[in-house]
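Open the model in your viewer and keep the selection tool at hand. The stops below follow charged side chains and end in a loop.

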Amino acid sequence: LEAVVSTQSTGERKESLVAAKEYIRNDPSGRDEAEVELLTVKQGMEPPKFTGHFQAWDPRKWSGGKSYEELVAQFGDELVKSVDQELEKYSRKYSYEVLAKKIVPDGVDVVNKERYLEDGDFLEVFGMTLADYDKLPKWKQIRAKKAVDLF
């Protein structure tokens, strides 16, 4: 089984991956995660073992006219990843310097950059722990993020 995930926001992408895993865990046929290969596939870069299930599939519609083999040569391992590999990027922590940039690493929800700060950096940047930050009213959280360029 391959899960094709192509959504807009970081939060939606993460939740679609979680939903795919949850679906297998609750599948009434008795399948479990160890037996099912869950993969993410970038649009236009679907491998033949996926597209072969659809007779009317147009392999060149989203791929710019390139074959799957040409796309693999161009992009390598970025075409298909396991859901677990993809989920890992949503729990990574980064330094303040990385998160203060306008373009952040894939998997970082730009609306909640502070959630991806390494613990030591969070304390240094905000002068409080994440737990204390979470106790603040929303308007104070926004003001704090603006003050440190994480908004």
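**Stops on the tour**

D134 is partly exposed at 38% relative accessibility (buried is under 20% relative accessible area, exposed over 50%, partly exposed in between, with a 1.4 Å probe and protein chains only). This is a predicted model, in which local features need pLDDT of at least 70 and side-chain atom pairs count only at pLDDT 80 or more, while totals for chains, interfaces and linings use all residues. Residues are numbered from 1 along each chain as its sequence is written, and side-chain values use heavy atoms, leaving out hydrogens and water.

Add R115 to the selection: the side chains of R115 and D134 form a salt bridge at 2.6 Å, N to O (a side-chain nitrogen of Lys or Arg within 4 Å of a carboxyl oxygen of Asp or Glu). R115 sits in the loop between α5 (96–99) and α6, and D134 in helix α7 (residues 130–135), so the pair ties together parts 19 residues apart in sequence (helices are DSSP runs of H or I, at least four residues, and strands are runs of E, at least two, numbered from the N terminus).

Stay in α7 and select K135 and D132, whose closest N and O atoms are 3.9 Å apart in a salt bridge. K135 is exposed at 66%, whereas D132 is partly exposed at 37%.

Next, select R13, E86, K89 and D106, which are linked in a network of salt bridges. Within this network, the closest N and O atoms of K89 and E86 are 2.5 Å apart. K89 is buried at 6% relative accessibility, and E86 is buried at 10%.

Finish at L38, in the loop between α1 and β1, where L38 is buried at 10% relative accessibility.
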